[in-house]
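Hi,

Here is the structure I promised to send over. Have a look at it first, and then read my notes underneath.

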Amino acid sequence: MPHKILIVEDDPDMVTALRMPLEANGYEVYVAASGQEGLQKVKEINPDLIILDVMMETTTAGFQVSLQLRSPDPRSEYAPYRHIPILILTAIHTTTSLRFGPDEAYLPVDDFVDKPIDPEVLLSKVRALIEKSKAQ
Amino acid sequence: MKLGEVLDVLMAAAAQVADADAVAVLLLEGERLTVAARRGLPNDWPVPVGESPADREALMGQAVTVGEAERPDVPFPPGFSSLLCVPLSLPTRPLGVLRAYRRKPPPFSAADAECLLALASLGAAAVQSARETAELERIEAAKSRFIHVATHELRSPIAVAQSLVRGIVKGYAGPLTDQQQDLFSRVSARLDFLEHLVNDLLDLAASRAPELAEEECAVAVNASVGRAALLLMPRAEEKGVSLLFRPCCEELAVIATEEGLDRIFVNLIENGIKYTPPGGTVTVTMGQKEGEVWVKIADTGIGIPPEAMPHLFEEFYRAPNARAINAVGTGLGLTIVKELVERYRGRIEVESEVGKGTTFTVTFPAVGPPTCGLS
């Protein structure tokens, strides 16, 4: 069974750039064009990994999606999906990215990839996150 | 204080000094007076503007007192018996008028008028200052908005285009001929440059807008240089340049922002790597001397010709030998570095010999133990 990856990204060209290397490496790619649609598709598809753009239609959409998915509330409708690794796309300056990383309270995600996307970096992070989550 | 708050304070003070039951402030918008604030007047009474000769006389610079029925051309709110109208003026021009109303006798006296005139001249200065503050805030907000828009709207399409091209170059859109591979690689290099340029322009804009920066604190220099070296280590390795970092034994700190100090060291070390041929070395050392912290970034690179030295920190300037080796550069890096160093009360010096290498030394006033950058 190929691994399923959900890309939550509102820019169709960026989706293409992500899709090319992922599909070439046998991943099954699904796309949501907004945070809301992303949350919906998480329930429908139950993906193995979520790639999430932090800044979409609003600057907080990506943050809200990750906070909802990682809600500590066991009654949350997203509780069954809490374990799905999240890789975020950022466009932060190189220097600031030194201090910009996963943070349980602020941005509960597993790893991040800087834009522009380097396909090899993307693939190695995707591989590592899926392996780690399957091992748990 | 915001204009609304200034007007509230002004009206409260006016009611007190003139023993008035109601007050209105009318401000000029172009040639016309408009009601800016009112208190104590009947809600259903629309303060008449533009038709009261009392306002016109006050705008000429005098205090005007009028009793009800004395002058049928001056409109009165129902239930009020006297009006005192004074100019709100700067020494150079009128801003508007301040009207005070009393319900019952006695009518306003000459002493009331004098008190209100004195208050109004203070009030005019406060109104003007609030308006200038609001204008500055508007400009600042516009500037921040521009930088935000530039960040997103300019960088985002470049990042998308670059991501697509990288996918093509790596063959994810199918095999490429040698010529296509070469052409797409050139497109990719141009996009890299564009991304760099936009980032540098944004950094420069940010370094010139201190209010956009984080608050300054005592930043640990060791940690800042360490972060920069760590970030650039892969690039040095890739190029075959040794990057040596000798942290100092002491906890040195300078007053700066973490991001700004990191940016200084990242730019200088990055330059060192860029202009040093494979096999060369970039060495970063630091220390403290006579109340100052110094950091030296020394490379064994191509060096800077003497004729380029005076222009080194100018915007968009690139030394001819730097252009010649075709290294990607925007000519903004050192401008940004110098502006940041000076903002943090430091100085930057450069020594160089063509073919031997370049040493940049940045020096800052030393301060006590670090208060930020400890995380």
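Below is what I found, starting with chain A and then moving to a sheet in chain B.

One thing to keep in mind: this is a predicted model.

**Chain A**

Chain A has four helices and five strands. If you walk along its sequence, they come in the pattern β-α-β-α-β-α-β-β-α. The chain is 136 residues long, and 51% of them count as buried. Its exposed surface comes to about 6,200 Å², with carbon and sulfur atoms supplying 51% of that area. I also looked at contacts in chain A between residues at least 6 apart in sequence: 65% of these join residues at least 24 apart.

There is a helix pair in chain A to look at while you have the model open. Two packed helices are described by the angle between their axes and the distance between the axes. For helix α2 (residues 35-45) of chain A and helix α3 (residues 61-69) of chain A, the angle is about 25 degrees and the axes are 9 Å apart. The cut-off for roughly parallel is under 35 degrees, so α2(A) and α3(A) fall in that class. Which residues make the contact? On the α2(A) side they are G35(A), L39(A) and V42(A), and on the α3(A) side V65(A), Q68(A) and L69(A). As for handedness, α2(A) and α3(A) cross in a right-handed way.

**The sheet in chain B**

In chain B, have a look at the open sheet of five strands, ordered β7-β9-β10-β12-β11, with mixed pairing. Why do β7 (242-246) and β11 (347-353) of chain B each have one side without a neighbour in the sheet? They stand at the edges and each has a single partner strand, so there is no neighbour on the other side. From one strand to the next, the twist averages 15 degrees.

For β7(B), the pairing is with β9 (residues 281-289) of chain B: the two run parallel and are joined by five bridges. One place to find this on screen is S242(B), whose bridge partner in β9(B) is T281(B).

Two helices are worth finding next to these strands. Helix α5 (residues 221-239) of chain B packs on the sheet and touches β7, β9 and β10 (292-299) of chain B. The direction of α5(B) makes about 165 degrees with that of β7(B). Helix α6 (residues 258-274) of chain B lies across β7, β9, β10, β11 and β12 (357-365) of chain B. Relative to β12(B), α6(B) runs at about 170 degrees.

Cheers

Note on methods
Residues are numbered from 1 along each chain as its sequence is written. Chains are lettered from A and ligands numbered from 1 in the order in which they are written. This is a predicted model: local features need pLDDT of at least 70, side-chain atom pairs count only at pLDDT 80 or more; totals for chains, interfaces and linings use all residues. Side-chain values use heavy atoms; hydrogens and water are left out. Two strands pair if DSSP finds at least two bridges between them. Axes are lines fitted to C-alpha atoms, for helices over the stretch in contact, and angles run from 0 to 180 degrees between N-to-C directions. Contact means heavy atoms within 4.5 Å. Buried means under 20% relative accessible area, exposed over 50%, partly exposed in between (1.4 Å probe, protein chains only). Accessible areas come from the Shrake-Rupley method with a 1.4 Å probe; for residues, only the protein chains shown count as cover. Angles under 35 degrees count as roughly parallel, over 145 as roughly antiparallel, 65 to 115 as roughly perpendicular and the rest as oblique. A crossing is left-handed if the near helix is turned anticlockwise from the far one by less than a right angle, and right-handed if clockwise.
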